[in-house]
Amino acid sequence: MNLRQLIPFFDHSAGNWAPEARLLRWLTLLWLILGLIMLFSASYPVAAERQDDGLYYFKRQIIWVFVGLILFNWIVNTPLSKILAASHWFLFLFLLLIFLILVPGVGKKAFDAARWIAIGPIPIQPSELIKPFLVLQSARIFAQWEKLSPQVRLFWLGVFCLVLLGILAQPNLSTTALCGMTIWFIALASGIPYRYLVGTALGGFSLALLSMSIKEYQRRRVMSFLNPWADPTGDGYQLVQSLLAVGTGQTWGVGFGMSQQKLFYLPIQDTDFIFAVFAEEFGFVGGIVLLLVLGMFATLGLIIAFKAKNPIHKLVATGVTVLIIGQSLLHIAVTTGAIPTTGLPLPMFSYGGNSMVASLMACSLLIRVARESSEAEILSLKKSD
């Protein structure tokens with residue numbers, strides 16, 4: 001591979017891609033640039049206070065973006081068959097790391113949840129990095145479901161359940177729900193009988209209820225979501241501050257960098273609640289623009305899925321679209337008080353290297369599907385002449 005292809009802006013081969021692949025590539029880069037601009041604003045005050053350097057988090061994020069873009073361009077220029085052939089090994093690796101995190105003294109805690117493991121100076125969050133490989137392996141299994149033996153089916157269903165249970169045990173209910181939802185939609189798109197899908201959905205809902213009945217903090221989140229103003233300085237504080245930020249933005253926003261809620265009123269404003277700062281600074285209009293970007297991404301993702309001839313490729317496109325758009329909408333729903341507070345980052349916006357790398361990898365998989373679908377169509381036309 002030409003090394004220049006590892007740098008998106010110097011990848012001249014993009015001019016020969018299918019229209020959907022080119023549009024999605026530039027839409028991803030636009031989304032990424034908007035996210036970095038927003039992270040700069042949202043993280044500056046807290047970085048200046050805690051690290052004596054307002055650019056501390058921004059500079060660290062740039063490093064992860066660089067790593068993510070190298071992987072991004074490697075994937076869009078690599079046959080999907082090669083990536084699929086290795087996907088199960090990465091799935092097992094990150095599954096092992098997920099359970100290693102649960103070992104006392106190994107996992108690093110934040111907000112009473114063990115979600116990281118340190119490999120040297122590098123913090124690794126397996127529950128984020130496993131997402132693209134979960135999509136790949138789910139697509140691979142469900143696309144060949146009828147051809148697989150009952151033993152193989154049970155084995156992989158067991159692996160997927162272990163992934164979800166491992167993430168839930170951290171505890172991380174929101175990521176568990178997102179991963180479960182992604183697998184479920186991939187299975188739905190593959191044509192799995194509805195009776196299995198309904199049973200799985202009921203089982204997942206029951207598991208979520210069980211988790212909330214065991215974990216007191218999850219119950220408090222649900223209660224505070226129903227009426228955050230009942231305890232505005234306690235359990236409802238985070239949501240109240242988020243709603244104040246969103247409401248303060250009104251139509252056009254208070255202006256870039258002018259958010260007041262990010263000045264230590266709104267907790268974790270550069271990660272789980274970054275959309276609230278975005279809405280405050282860019283207002284209703286800015287929120288609509290971001291939703292239009294998400295709508296364009298979702299539309300392109302569905303077009304790519306419908307055009308894909310290979311069943312596995314079709315399910316990969318479906319899974320990536322559900323993963324990226326679903327996570328974005330859940331994040332926005334949390335910050336606007338539409339659903340209970342969870343810990344999901346906004347793809348491309350929130351601070352966090354693992355989330356950034358996973359998001360860029362997922363987007364590159366979708367672009368790769370678009371590329372291979374268009375190349376397959378061109379080859380089939382040549383054969384018919």
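This is a short talk on helix packing, one cavity and two backbone details in a predicted model.

Some ground rules. Residues are numbered from 1 along each chain as its sequence is written, and side-chain values use heavy atoms, with hydrogens and water left out. Because the model is predicted, local features need pLDDT of at least 70 and side-chain atom pairs count only at pLDDT 80 or more, while totals for chains, interfaces and linings use all residues.

Let's start with helix 1 and helix 2. Helices here are DSSP runs of H or I, at least four residues, numbered from the N terminus. Helix 1 covers residues 19-51 and helix 2 covers residues 56-76. Their axes come within 7 Å and cross at roughly 150°. That makes the two helices roughly antiparallel, a label for angles over 145 degrees. Axes are lines fitted to C-alpha atoms over the stretch in contact, and angles run from 0 to 180 degrees between N-to-C directions. The crossing is right-handed: the near helix is turned clockwise from the far one by less than a right angle, and anticlockwise would be left-handed.

Who touches whom? Contact means heavy atoms within 4.5 Å. From helix 1, the residues include Leu-29, Leu-32, Phe-40 and Arg-50. From helix 2, they include Tyr-56, Phe-58, Gln-61 and Phe-72. The contact divides into 14 nonpolar, 4 polar and 1 charged residues. Nonpolar means Ala, Val, Leu, Ile, Met, Phe, Trp, Tyr, Cys and Pro; charged means Asp, Glu, Lys and Arg; the others, Gly among them, are polar.

Next pair: helix 4 and helix 6. Helix 6 spans residues 173-190. The two pack at about 20°, with axes 9 Å apart. That makes them roughly parallel, the label for angles under 35 degrees. The crossing is right-handed. Lys-131 and Phe-142 are among the helix 4 residues in this contact, and Cys-179 and Ile-186 among those of helix 6. By class, there are 9 nonpolar, 5 polar and 1 charged.

Third pair: helix 10, residues 274-307, and helix 11. The angle is about 165°, and the axes are 10 Å apart. These helices are therefore roughly antiparallel. Helix 10 passes helix 11 in a left-handed crossing. Helix 10 brings residues including Phe-275, Leu-294 and Gly-301, and helix 11 brings Lys-314, Ile-324 and His-331 among others. The classes are 16 nonpolar, 6 polar and 1 charged.

Now the cavity. How many cavities of 30 Å³ or more does the structure hold? It holds 1. A cavity is a set of points, on a 1 Å grid over the protein atoms alone, where a 1.4 Å probe fits but cannot get out; lining residues have an atom within 4 Å of a point. The largest cavity has a volume of about 50 Å³, taken as the space filled by probe spheres set on the points. Its lining includes Glu-128, Lys-131, Gln-327 and Ser-355. Helix 4 (126-143), helix 11 (311-335) and helix 12 (353-384) each give two or more residues. Helix 12 gives the largest share, 4 residues. The lining divides into 4 nonpolar, 3 polar and 2 charged.

Last, the backbone. Most residues other than glycine have a negative phi, and most peptide bonds are trans. The bond from Gln-170 to Pro-171 is cis, with omega near 0°. Pro-171 sits in the loop between helix 5 (150-168) and helix 6. Gln-250 has a positive phi, near 50°. Gln-250 lies in the loop between helix 9 (237-249) and helix 10.

Key:
Angles under 35 degrees count as roughly parallel, over 145 as roughly antiparallel, 65 to 115 as roughly perpendicular and the rest as oblique. On a 1 Å grid over the protein atoms alone, a cavity is a set of points where a 1.4 Å probe fits but cannot get out, and a pocket is an open set with protein on both sides within 12 Å along at least five of seven lines; lining residues have an atom within 4 Å of a point.
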